[in-house]
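Work through the exercises below with the coordinates open. Try each task before reading its solution.

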Amino acid sequence: MPLSPDGRTQAEALARRLTGVGLDRIISSPMLRAVETAKAVATGRTVEVEERLREQDCGQWEGLTFDEATARDPELRASWVRDPATNHLPGGESGDEVAERVRSFLVDLLAKELPGGDRRRVLLVAHTAINRILLCVALGIPVRDYRRRFVQGRTNLTVLRYEEGDNPDGAQLLVANDVSHLSDSTEASWS
Amino acid sequence: MLTLLLTRHGMTTAGDVMLGGQLDLPLTSEGRAQALALARRLVGVRIDRIVASPMLRALETAQTVATGRPVGIDDRLRELDYGQWESLTYAEIDDRDPELRARWENDPATTHSPGGESGDEVAARAYGFLRDLLAEEMPTGAVARRRSPDPGGSRGSVSESQAAAEGQKRVLVVAHGTFNRILLCVALGIPIRDYRRRFLQDQTNLTVLRYEIDDAPNGAQLVLLNDVSHLRGPGEAPWG
């Protein structure tokens, strides 16, 4: 699905927010909504596409609302809510499976960007479930808790920092879910 | 639902370079400007209760944001007591006792400076504060508003009167850099040992935690962390 007009406005607001902030790389999920967002922020700079940043695959439940999913299989829905790390939707990915590709992505990113002691800044553009799972991986929080612990609003700004020698689970969380660049953000993030 | 807005006091006359837990310093003019910026950011945001550490820098910050509303004081929100390391820089601590400094770097949960508090001791008072706050503001049996089913984790907006009627409480807590990072570990179930490594708390930042009915003190959702957009100009990096 492409971005809506609102979505493009949100991406442009993030782009304005990041004007003057040096970014060494911009890496996006291959999905259209992420690539469009990344390109809006990139304003001409290169956007790399990374398969491992795809959104969690919800299998046969793709496109269902939570109510529809509950109606279809209340038991599975309940077990997924209880533990979204080990449970997966029919034909879909579990949280642990997503965490595995996120970890692999972070291993490669850190191996490439950390040595040398330069201060590198990389912008990742991805999706709500995978971002929250990435936060769990990066902060050493159980993947099972990803839905309970974090919020990822559209075009929010979240900042993680790694020092040389840090493992993928050794990040510091500098900022999480900052949406102050969105015009309706006065209370949006906590209302 | 309980929404906990968390902030740290503004700049004090000690600057931001030495360990200063118990030294009771006032805000500088810059610190007051930071507190005013947060006050402006929160204009129009309904806040049911404001609770501050008893220390001057936190009280001054809270009173600035309160703009006339009452500020409650809770002794458990005090900064970590650095004991004999108070007012020292890291370099001075290394000169005095490099071995203890190394142990503290390795595990600030169980290690404490001579005469000071460990991270675990501060976590115990943060836990006690959160437990009592949840009991007071969100007593069991109140009308539950379940977590939104929106997969993005955002919640549908509701009117202020509706919010009050359904027992959605908002509490602003004004405390300190180390204390806040330890409280975040407690609230999010992260090992206290990691508090220095995992979080940042810039002066007068806005951090938001959310609790639903029946959540334990360690069951919070992190809605916003260390947002300092009210202190940054255009083109400035949005992080510390």
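Three exercises follow, on fold, surface and core.

The model is predicted: local features need pLDDT of at least 70, side-chain atom pairs count only at pLDDT 80 or more, and totals for chains, interfaces and linings use all residues. Residues are numbered from 1 along each chain as its sequence is written, chains are lettered from A in the order in which they are written, and side-chain values use heavy atoms, without hydrogens and water.

**Exercise 1.** Describe the fold of chain A.

Step 1. Count elements as DSSP runs (helices: H or I, at least four residues; strands: E, at least two). Chain A has 7 helices and 5 strands.
Step 2. Along the sequence they read α-β-α-β-α-α-α-β-α-α-β-β.
Step 3. Take the radius of gyration over C-alpha atoms, and the globule rule as 2.2 Å times the number of residues to the power 0.38. Chain A comes to 17 Å, close to the rule's 16 Å for 191 residues, so it is as compact as a globular protein of that length.

**Exercise 2.** Determine what share of chain A is buried.

Step 1. Apply the cut-off: under 20% relative accessible area (1.4 Å probe, protein chains only).
Step 2. Of the 191 residues, 50% qualify.

**Exercise 3.** Analyse the largest nonpolar core.

Step 1. Join buried Ala, Val, Leu, Ile, Met, Phe, Trp, Tyr and Cys residues through side-chain atoms within 4.5 Å.
Step 2. The largest set holds 77 residues; L209(B), Y211(B) and L222(B) touch the most other members.
Step 3. Helix α6 (residues 128–139) of chain A gives the most, 9 residues.
Step 4. List contacts (heavy atoms within 4.5 Å). Beyond four places in sequence, the partners of L222(B) include F150(A), L173(A), L184(B) and L209(B).
Step 5. Another core, of 20 residues, lies apart, with L5(B) and L38(B) among them.
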